[in-house]
Amino acid sequence: MIKILAVLSIFWANTALSTNHQFSDFFNSLESLKANFTQTTFNETGALIQTTSGTLAFQRPAQIHWHTTSPNEQILLLNNNELWLIDTELEQASLQQTQDLSQTPLHWLINKPNTLKNPPTFSYNKRGVDWYTTQTLKFGFKGGLLHAISFENELGQTILITFDQLNTQPNINPNIFKLRLDPSFDVVR
């Protein structure tokens, strides 16, 4: 009986250690990524407010193309130090103030965990998803890949972003990260 308990404790320790490294292993090795996403927003009582979907393309050091296709087309474009919100329906592009991104999911894509203090730690497993948490963010992993990100916005709403068709070695055209606007767009700086 003691031998069985010893074997189980070693197995559990190895499982916990490998789980704890999953977050760092993924983000430290990540140079680029493409995925589809679904973003759901819930109010403080858990009622669904909105669902959006689209695609994400990311390339280090700091290039993100977050393209919401439904229900309205918008693009969040980060190219090094410029963060643009592009609303195709309104034909408007506005340069966003890039303040402290440390409380946003963008921070973890841009920076590698081995260069940061206090990376997320393994918290729990729910329905086959390993969840890593910071003070404000949760990252869900399934099969060693990023599956979801969850956080609470300034209105107390819970945002859950789930990813599918995630590719960590995609072929990305670098032009996708350049700001290209139709001359009819209003530009707000």
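Rings of Phe, Tyr and Trp count as an aromatic pair if their centres lie within 6.5 Å. Pairs of this kind join F23, F26, F27, F122, Y132, F139 and F141 into one aromatic cluster. The model is predicted. The chain holds 189 residues, with 2 helices and 12 strands. Average pLDDT is 84.

**Confidence**

- At least 70 is the pLDDT score of 86% of the residues.
- Strand β1 has the highest mean pLDDT among the elements, at 97.
- Helix α1 has the lowest, at 53.
- Residues 1–18 stay under 50 in pLDDT. The model has 0 contacts beyond four places in sequence for this stretch.
- Where pLDDT is low, predicted coordinates should not be read in detail.

**Fold and surface**

- The order of elements from the N terminus is α-β-β-β-β-β-β-α-β-β-β-β-β-β.
- Buried residues account for 34% of the chain.
- Consider contacts between residues at least 6 apart in sequence: 47% of them join residues at least 24 apart.
- The exposed area of the chain is about 11500 Å². Carbon and sulfur atoms supply 52% of that area.

**Nonpolar cores**

- The largest nonpolar core has 27 residues. F27, F139 and F163 have the most contacts inside this core.
- Elements giving two or more residues to the core include both helices, α1 (2–29) and α2 (105–110). Among the strands that do so are β1 (32–42), β2 (48–59) and β3 (63–70). Strands β9 (137–142), β10 (145–152) and β11 (158–167) also do so.
- Strand β11 gives the most, with 4 residues.
- A second, separate core has 6 residues, including I75, I86, A93 and F185.

**F27 and its partners**

- F27 counts as buried because its relative accessibility is 0%, and the cut-off for buried is under 20%.
- Beyond neighbours within four places in sequence, F27 is in contact with R60, W108, L109, K112, P113, F139, F141 and L146. Of these, F139 and F141 also belong to the aromatic cluster with F27.

**Aromatic pairs**

- The count of aromatic pairs is 12.
- F27 and F139 pair edge-to-face, 5.9 Å centre to centre, with 75° between the planes.
- This pair links distant parts of the chain: F27 sits in helix α1 and F139 in strand β9, 112 residues apart.
- F139 is buried too, with a relative accessible area of 0%.
- Y132 and F141 also form an edge-to-face pair. Their centres are 5.5 Å apart, and the angle between the planes is 80°.
- Y132 is buried at 0% relative accessibility. F141 is likewise buried at 0%.

**S184**

- S184 lies in the loop between β11 and β12 (186–188).
- S184 is partly exposed because its relative accessibility is 38%, which falls between the 20% and 50% cut-offs.
- The side chain of S184 makes a polar contact of 2.6 Å with the side chain of D182.
- S184 and E91 are 93 residues apart along the chain. Their C-alpha atoms are separated by 7.0 Å.

Key: Residues are numbered from 1 along each chain as its sequence is written. Side-chain values use heavy atoms; hydrogens and water are left out. Buried means under 20% relative accessible area, exposed over 50%, partly exposed in between (1.4 Å probe, protein chains only). Contact means heavy atoms within 4.5 Å. Accessible areas come from the Shrake-Rupley method with a 1.4 Å probe; for residues, only the protein chains shown count as cover. A nonpolar core is a set of buried Ala, Val, Leu, Ile, Met, Phe, Trp, Tyr and Cys residues joined through side-chain atoms within 4.5 Å. pLDDT is the predictor's confidence in each residue, from 0 to 100. Rings of Phe, Tyr and Trp (its six-membered ring) pair if their centres lie within 6.5 Å; planes under 30 degrees apart count as stacked, over 60 as edge-to-face and the rest as tilted. A polar contact is a pair of N or O atoms within 3.5 Å; within protein, one must be able to donate a hydrogen and the other to accept it, and residues adjacent in sequence count only if both atoms are side-chain atoms.
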